[in-house]
Amino acid sequence: MFDTPQLIAEIPRLRRYARALCGDAARADDLVQDTLERALHKSAHWRGGTLRAWLLTLMHHIFVNQWRHAQRIEYREVADLPEPSVRAAHDDALDLRDLERGLAHLSADHREVLLLVALEELSYEDCAVVLGVPVGTVMSRLARARDRLRDLLATPRPATRLAVVK
């Protein structure tokens, strides 16, 4: 059984992963809320080990269930997202925008595995547990996700013209 401070300590990571997964702050907060509710309701099912991996597994199952039941969570384009509160350097901001757009074009399976390994820094084994797939599937999806993202980021985007407002 875990205690409340342990659960509270995981909320920022859950929010970060949910936001990256959903691309929308409101939907991500709903997903985190559903995950925390389920964790509290099913706390007797936690068998020890890494609380974070167990919570991410719950979140994954909730996300997949919502996807399957036509309550589909759609990844939104970066243009629909609010600006970050801390402005990055211009080039960094453009790189971040391109990365977010690239993630938006990945399949949900590829985006999940890439985010779990790269953003959440889970091992392949922990990622496999979270997603409920063999380790080989994680490695394969990760390789394809990286290749696809690399291709998307290498493709030059057409220059957009900015309107000058006076």
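## A walk through the helices and salt bridges

Arg 15 is a good place to start: with a relative accessible area of 43%, this residue counts as partly exposed. Keep in mind as you click along that the model is predicted.

**Stop 1: Arg 15 and its partner.** With Arg 15 selected, add Asp 29. Their side chains meet in a salt bridge, 2.9 Å from N to O. Arg 15 belongs to helix α1 and Asp 29 to helix α2, so the pair ties together parts that are 14 residues apart in sequence. Asp 29 has 33% relative accessibility and therefore counts as partly exposed.

**Stop 2: the two helices around that pair.** Now select residues 4–22, helix α1, together with residues 25–41, helix α2. They pack at an angle of about 140°, and their axes are 8 Å apart. That angle makes α1 oblique to α2. If you turn the view to look through the pair, you will find that α1 passes α2 in a right-handed crossing. To see the contact itself, show side chains: on the α1 side, look for residues including Leu 7, Ile 11, Leu 14 and Ala 18. Across from them, α2 contributes residues including Ala 28, Leu 31, Val 32 and Leu 36. Arg 15 and Asp 29, from the first stop, are also among the contact residues. Colour this contact by class and you get 13 nonpolar, no polar and 4 charged residues.

**Stop 3: a buried salt bridge.** Next, select Glu 120 and Arg 52. Here the side chains meet in a salt bridge of 4.0 Å, N to O. Glu 120 sits in the loop between α5 and α6, while Arg 52 is in helix α3 (residues 51–68), so this pair ties together parts that are 68 residues apart in sequence. How accessible are the two partners? Glu 120 counts as buried because its relative accessibility is 2%, and Arg 52 counts as buried at 14%.

**Stop 4: the helices on either side of that loop.** From Glu 120, extend your selection to helix α5 (residues 108–119) and helix α6 (residues 124–131). Their packing angle is about 140°, with the axes 10 Å apart. α5 and α6 are therefore oblique to each other, and α5 passes α6 in a right-handed crossing. Show Glu 112, Val 113, Leu 116 and Val 117 on α5, then Tyr 124, Cys 127, Val 130 and Leu 131 on α6, and you have the residues that make the contact. By class, this contact holds 7 nonpolar, no polar and 1 charged residues.

**Stop 5: a pair within one helix.** Move on to helix α7 (residues 135–154) and pick out Asp 147 and Arg 150, which lie 3 residues apart, about one turn of the helix. They form a salt bridge whose closest N and O atoms are 2.8 Å apart. Asp 147 is partly exposed, with a relative accessible area of 40%, and Arg 150 is partly exposed too, at 49%. While you have salt bridges on display, add Arg 16: salt bridges that share partners join Arg 16, Arg 52 and Glu 120 into one network. In total, the structure holds 4 salt bridges.

**Last stop: Leu 99.** Finally, select Leu 99 in helix α4 (residues 90–104). Leu 99 counts as partly exposed, at 32% relative accessibility. Which residues does Leu 99 touch, leaving aside those up to four places away in sequence? They are Leu 149 and Leu 153. Measure from C-alpha to C-alpha and you should find Leu 99 and Leu 149 8.1 Å apart in space, although 50 residues separate them in sequence.

Conventions. Residues numbered from 1 in each chain as written. Predicted model: local features only at pLDDT ≥ 70, side-chain atom pairs only at ≥ 80, totals over all residues. Heavy atoms only, no water. Axes fitted to C-alpha atoms, helices over the stretch in contact; angles between N-to-C directions. Helix = DSSP H or I, 4+ residues; strand = E, 2+ residues; numbered from the N terminus. Parallel < 35°, antiparallel > 145°, perpendicular 65-115°, else oblique. Left-handed = near helix turned anticlockwise from the far one by under 90°. Contact = heavy atoms within 4.5 Å. Nonpolar A, V, L, I, M, F, W, Y, C, P; charged D, E, K, R; others polar. Buried < 20%, exposed > 50% of the residue type's maximum accessible area, 1.4 Å probe, protein only.
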